[in-house]
Amino acid sequence: MCGIIGYIGEKNCIPIIINGLKRLEYRGYDSAGLGFIHNGNAHVIKSKGKVSILEEKINSNQYFSSLGIGHTRWATHGIPNETNAHPHFNESKNLLIIHNGIIENYQTIKTSLSNIGYKFYTETDSEVIAHLIDSFIHKGNTLLKSVRLALSEVEGTYGLAVIYNGEADKIIAARKGSPLVIGVGDGENFIASDVSAILAHTKQVVYLEDGEIVEVYKDKFVTRTTSDEEIQKEIHEISLSLDEIDKGGYSHFMLKEIMEQPESVRNSMRGRLLIPEGSAKLGGLDNVIERLLNCKRIIISACGTSWHAGLVGEYMIEKYAQIPTEVEYASEFRYRNPIIHPDDAIFFISQSGETADTLAAMKEAKNKGALALGICNVVGSSIARESLGGVYIHAGPEIGVASTKAFTSQLVVLALIALLLSRKLGMKAEEGKCIAEHMDQLPDKIAQILKLNSEIEFIASEFQDAKNFLYLGRGFNFPVALEGALKLKEISYIHAEGYPAAEMKHGPIALIDENMPAIFIAPKDSTYDKIISNIQEVKARKGRIIAIASESDSEIDHLVDYTIKIPDTISMLMPILTVIPLQLLAYHIAVKKGLNVDQPRNLAKSVTVE
Ligand code: M6R
């Protein structure tokens, strides 16, 4: 998704912005650009493709500028090319804007500006903002007032930054629906869509809220509402270090993040798992716990991998807390005018906390009076701030586009929620203690599975040329089948489908032949015998089979081509273990195919548009 960085201070902004854009690469993008004021003139350098290509186009020694903005674009309006890349100029080429979001009424604005002589050079919705601001400057307004007047005409979402050589002592930035932070430095200040872009320079940040506009000078910043009231903003100290967002010696962020799971899962439970009491303590739910316990129904809403976590959560909550639970794609939920009651509790799961569909679904739920709760990774993200309560998953920054450690941490948090609710609703302490003890053992069991990395890499080499895959699981492991298939398709571009194993005979079995590998998630649990029958059905049709099986299971080896043996746990927690080999398998297949694992084509880390 588009990334934004801006700098004002005494230093040369060009290397600062280029490095910041590199830090934003993980969000996914197709082109990049940089704009700055040099000797009283505004300059723009843009390129299609990677930031490194942009960097090659810039001779840093040629320019020194202490005021600049940079952008990575993920195309929404207009193809990815150099022209459509940001920044965009106004007509007189003395004002530059970068924009993240979508201007819904850009055609109307474009037509009215065209009627008074403005020319448009790009296919983007964003360019209208530059000309609209320009039209107000021409009426004698200051830059700040021109931005405010322009934004009052704009419908849609924006994280916006503007510089103007007529007022070259400031950046104006504004937010509605797209994240934006101010980085507060010493004699220098920054703006960014994401703290990772500026973390090398400052850990002091201010989160802008929707409807706020800020003037950022080198030694101060002034924040106002769109109706021009000044607001005092709190400065937050970021605890992440740059090391935490580096690859830490691994060849890809995805592998680093898979390998971090013993620690990230431990962090998700830290201080929350009460083993002697057989319960959980979740401070973010304290204020809403009575309402949550009395709700008639729980809904879980999310997208992608977070939605898969929600499915596991449904099984956990229904099995133990016995509260009716439904799982909804946020993108569908927000548009189908769902029936929501004030006695519904709705958990919105989002690693980034910025997914546009999930955020919009949350706003819809709040408007209808439901208890809207967040399960997020990114602290201070939009969904976390909009929620009435919730739980951070504390997985640490997840940079690889394919979500891995966030998924297992989401499952841990859902298990903690299920445990807390169940105990408060009558589960016996002994049963709660058993669950808590098994949760406590998860990090060691994950570490044990990660030792199978080379074995899984070998299996990947055997299957790297397959054109299709079927992933099959039952019960708690059905959502893991969906997640395994999603991991494979998003990074290896191999078609893969996940199914409840029993559904196979209702259609997918027609696909089975020697060219269709099937991955069965078959730990020894209550559905084991059934899944063995499904395995035999595939074997009878010459399908090649990989099984994720319990280490205590010696019989399954005779039925399948490859087994990956994992430790046992209770069925509710099994997905936290069974998904690990599937993450590694997808990773190794994609690496063997020579693909860009961390930034797969067409995908973005944080989908902040509909
Ligand atoms: O940040 P979120 O959890 O809200 O993101 C939701 C999906 O976009 C995300 O899980 C996506 O499916 C991942 N690329 C999957 O690996």
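Here is a short walk through a predicted model, from a strand pair to the ligand and its surroundings.

Let's begin with β2 and β3. Strand β2 covers residues 31-38 and strand β3 covers residues 41-48; the two run antiparallel and are joined by 8 bridges. If you want one pair to look at, take alanine 32, whose bridge partner in β3 is serine 47. Together the two strands make a hairpin, with 2 residues between them. In that turn, check the backbone of asparagine 39: its phi is positive, at about 50 degrees.

Now for the ligand, which you'll find in the second largest pocket. Two helices, α9 (304-321) and α16 (478-492), are the elements that give two or more residues to the shell around it. That shell holds 15 residues, and the ones that come nearest are Ser306, Ser350, Ser352, Thr355 and Glu490. Sorted by character, the shell has 8 polar residues, 5 nonpolar ones and 2 charged ones.

What about individual polar contacts? Glutamate 490 has a side-chain N or O atom 2.4 Å from an oxygen atom of the ligand. Lysine 487 also brings in its side chain, with a polar atom 3.0 Å from a ligand oxygen. Valine 401 uses its backbone instead: an N or O atom there lies 3.1 Å from a nitrogen atom of the ligand. As for how much of the ligand is covered, it would expose 410 Å² taken alone, and the protein buries 92% of that.

Definitions and conventions:
Residues numbered from 1 in each chain as written. Predicted model: local features only at pLDDT ≥ 70, side-chain atom pairs only at ≥ 80, totals over all residues. Heavy atoms only, no water. Pairing = 2+ DSSP bridges. Helix = DSSP H or I, 4+ residues; strand = E, 2+ residues; numbered from the N terminus. Near = heavy atom within 4 Å. Polar contact = N/O pair within 3.5 Å; in protein donor to acceptor, adjacent residues only side chain to side chain. Areas by Shrake-Rupley, 256 points an atom, 1.4 Å probe, with all protein chains shown as cover. 1 Å grid on protein atoms, 1.4 Å probe; cavity = no way out; pocket = protein on both sides within 12 Å on 5 of 7 lines; lining within 4 Å. Sits in = over half its atoms within 2 Å of the grid points. Nonpolar A, V, L, I, M, F, W, Y, C, P; charged D, E, K, R; others polar.
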